Amino acid sequence: MAASSMTSPLCTWLVAACMSVTCGADHSTCPSMFSSSKRQSKWARSRTRVLSKCSSEFQRGLISSLCGSSIQGLMSSCLAFEPCHEYYSSKGLSSTGFSSLFGSNNVPLNRRQRRLNRAPRFGEAMAVAVEPAREVAIKKRPLTKQRRVVVTGMGVVTPLGHDPDVFYNNLLEGVSGISEIEAFDCSQFPTRIAGEIKSFSTDGWVAPKLSKRMDKFMLYMLTAGKKALADGGITDDVMNDLDKRKCGVLIGSGMGGMKVFNDAIEALRVSYRKMNPFCVPFATTNMGSAMLAMDLGWMGPNYSISTACATSNFCILNAANHISRGEADVMLCGGSDAAIIPIGLGGFVACRALSQRNGDPAKASRPWDINRDGFVMGEGSGVLLLEELEHAKGRGANIYAEFLGGSFTCDAYHMTEPRPDGVGVILCIERALAQSGVSREDVNYINAHATSTQAGDLKEYHALIHCFGQNTELKVNSTKSMTGHLLGASGAVEAVAAVQAIRTGWVHPNVNLENPDEGVNTSVLVGPKKERLDVKAALSNSFGFGGHNSSIIFAPYK
């Protein structure tokens, strides 16, 4: 009884270690443990797994103290600790193993065994060829039924409106949200246009005290997030019934609090005492998600992801994964950015990435048109309320669409330029299809990333044709032709557009596509007017500086 109680995992490991020490219990017939050895064989050195120092006295004392007189009980416990394959293959359990450990030296040794039996110098590492079997060490997670994820609410703050229906109706009518910048004097900049939000109020959504301190990207995020809850029917009574431990927030930002940080730098020019004490927390990209969770009391997964202009898609897919794995039942997810300030505009001007069509702002963003000259900055936020299907049905939620899955890849090519062969985008789309269980033929609507840049538009178009070129029903459009590029928020806003296309049966036009670039098949692209489409599955792409590729897929809930 005493012996069995002492055979703990530590005991088992120690005995297994001692078994590997090839030193007999009888000093008169075994080289001293402290004797010098000038070299170890290459074979012995290659098998070193664990460092051990041992003497014959330590072996004898260990065995007697741990197991008393019951050696058999101790050895039976060692069955749970398997020596590695190399130990068996090297005949480690032959006469050089058990026989030397228990003092029997009557078995003759061959040259190889004698070479392995040479004792190390005092203080030198000794090879211990034991390794726990993988089937013992690794506990497999029980298989669980795949949990379905659905969209039950949407919230937006965009240049085309702050309500999902108003926003999408403007898209369907081809209204442009791009105009001259009014927030600051940009007369000295070569680009003076943007998808700027002209009127915005946090009344009823954000506390006045926080509204004065927070960066706009956080204000947009909090407002869109709470609007998504309201749209999803999360009333105070429903909120009280939610298990807040399984409700999370995952809303990211590509640029973070640039205005707050820039203001802090200007204050620092006078004195550090002039700096806003909230400048650091309110500049970080994660703080918007954190503040929203604090406001709601949601204690589930909470963080942000920043992958430049692919941020929103990364957040949406990861949020869905939390639900499908059972880590959450409800997730608010998406993105937010507000970089239309001097340093933001100047930075993209320096990159030579922006359109300079200042005389006609509404026609500046023109994806796939041969006369495009760069993208147009935008700002805003988009948030989806994702929910586990049974949870949504249980509270009687209105289900807009089902989220099927998605994928990420990296071009691993250039900071800002797309990979010339388009392999990264193609791989991302193919993985998204495989992960979602959707065939190429079922995807008949794509909301493209298409930002109105020379290289990016064509590389994405060729990747789409490569993947879906045989689909005669395919229709592709770009929301950015009317909103401009909302940077880290673009993917979420475009996801809302994709869900609205599923809900309404209408896909919005591509505006400003007057002279398609060479090789672009206009039959694939939506024309200058909205078109009817019974969406089977909608794919939304977002790509970001750094070579980040993302594709997510929605479908009608059935």
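Guide: Two residues are in contact when heavy atoms lie within 4.5 Å. With that definition one can read this predicted model, in which residues 24 or more positions apart account for 80% of the contacts in the protein chain with a separation of 6 or more.

Visitor: How many helices and strands does the protein chain have, and what percentage of the residues is buried?

Guide: The protein chain contains 22 helices and 14 strands. Of its 558 residues, 53% are buried.

Visitor: How should one read the pairing of strands, and what is the order of the open sheet?

Guide: In general, strands of a sheet pair through backbone hydrogen bonds, either parallel or antiparallel. Here, an open sheet of ten strands runs in the order E5-E4-E6-E7-E1-E8-E14-E13-E9-E10, and its pairing is mixed. E5 and strand E10 (475-477) are the edge strands, each pairing on one side only. Within the sheet, strand E1 (residues 149-157) pairs with E8 in the antiparallel sense over three bridges. Valine 149 has phenylalanine 403 in E8 as its bridge partner.

Visitor: Which strands pair with E13, and in which sense?

Guide: Strand E9 (residues 443-447) pairs with E13 in the parallel sense, over four bridges; there, tyrosine 445 stands opposite alanine 538 in E13. Strand E14 (residues 548-555) pairs with E13 in the antiparallel sense, over seven bridges, and glycine 544 stands opposite histidine 548 in E14. E13 and E14 form a hairpin with three residues between them, and glycine 546 in the turn has a positive phi of about 100°.

Visitor: Are the residues of E13 buried or exposed?

Guide: Strand E13 (residues 537-544) is mostly covered, with eight of its eight residues buried. Ala537, Leu539, Asn541 and Phe543 point one way from E13, while Ala538, Ser540, Ser542 and Gly544 point the other way, and all are buried.

Visitor: Which strands does helix H16 lie across?

Guide: H16 lies across E1, strand E4 (247-252), E5, strand E6 (330-337), strand E7 (380-388), E8, E13 and E14, and runs at about 170° to E6. One residue of helix H16 is isoleucine 323. Isoleucine 323 counts as buried because its relative accessibility is 0%, the cut-off for burial being under 20%.

Visitor: With which residues is isoleucine 323 in contact, leaving aside its neighbours within four places in sequence?

Guide: Isoleucine 323 is then in contact with Arg147, Val149, Ala328, Asp329, Val330, Met331, Leu386, Glu387 and Glu388. Arginine 147 is 176 residues away from isoleucine 323 along the chain, yet their C-alpha atoms are separated by 7.2 Å.

Visitor: How does one read the buried residues of a helix, and which are those of H17?

Guide: An α-helix has 3.6 residues a turn, so residues three or four places apart point the same way. In helix H17 (residues 342-350), the buried residues are Gly344, Leu345 and Phe348. They cover an arc of only 95° around the axis, and therefore lie on the same side of H17. These buried residues pack against helix H14 (258-268).

Visitor: At what angle do the axes of helix H10 and helix H22 cross?

Guide: The axes of helix H10 (residues 164-172) and helix H22 (residues 490-504) come within 10 Å and cross at roughly 80°. H10 is therefore roughly perpendicular to H22, as angles of 65 to 115 degrees count as such. On the H10 side, the residues in contact are Pro164, Asp165, Phe167, Tyr168 and Leu171; they meet Val493, Val496, Ala497, Gln500, Ala501, Arg503 and Thr504 in H22. By class, the contact of H10 with H22 has eight nonpolar, two polar and two charged residues.

Visitor: How should one read the sign of phi, and what is the phi of alanine 308?

Guide: Most residues other than glycine have a negative phi. Alanine 308, although not a glycine, has a positive phi of about 55°. Alanine 308 is found in the loop between strand E5 (302-303) and helix H16 (311-324). Alanine 412, also not a glycine, has a positive phi of about 50° and is found in the loop between strand E8 (401-410) and helix H19 (423-436). Arginine 352, which follows H17, has a positive phi near 60°.

Visitor: Why does alanine 412 count as exposed?

Guide: Alanine 412 counts as exposed because its relative accessibility is 66%, and the cut-off for exposure is over 50%.

Definitions and conventions
Residues numbered from 1 in each chain as written. Predicted model: local features only at pLDDT ≥ 70, side-chain atom pairs only at ≥ 80, totals over all residues. Heavy atoms only, no water. Helix = DSSP H or I, 4+ residues; strand = E, 2+ residues; numbered from the N terminus. Buried < 20%, exposed > 50% of the residue type's maximum accessible area, 1.4 Å probe, protein only. Axes fitted to C-alpha atoms, helices over the stretch in contact; angles between N-to-C directions. Parallel < 35°, antiparallel > 145°, perpendicular 65-115°, else oblique. Nonpolar A, V, L, I, M, F, W, Y, C, P; charged D, E, K, R; others polar. Pairing = 2+ DSSP bridges. Arc of directions from axis to C-beta.
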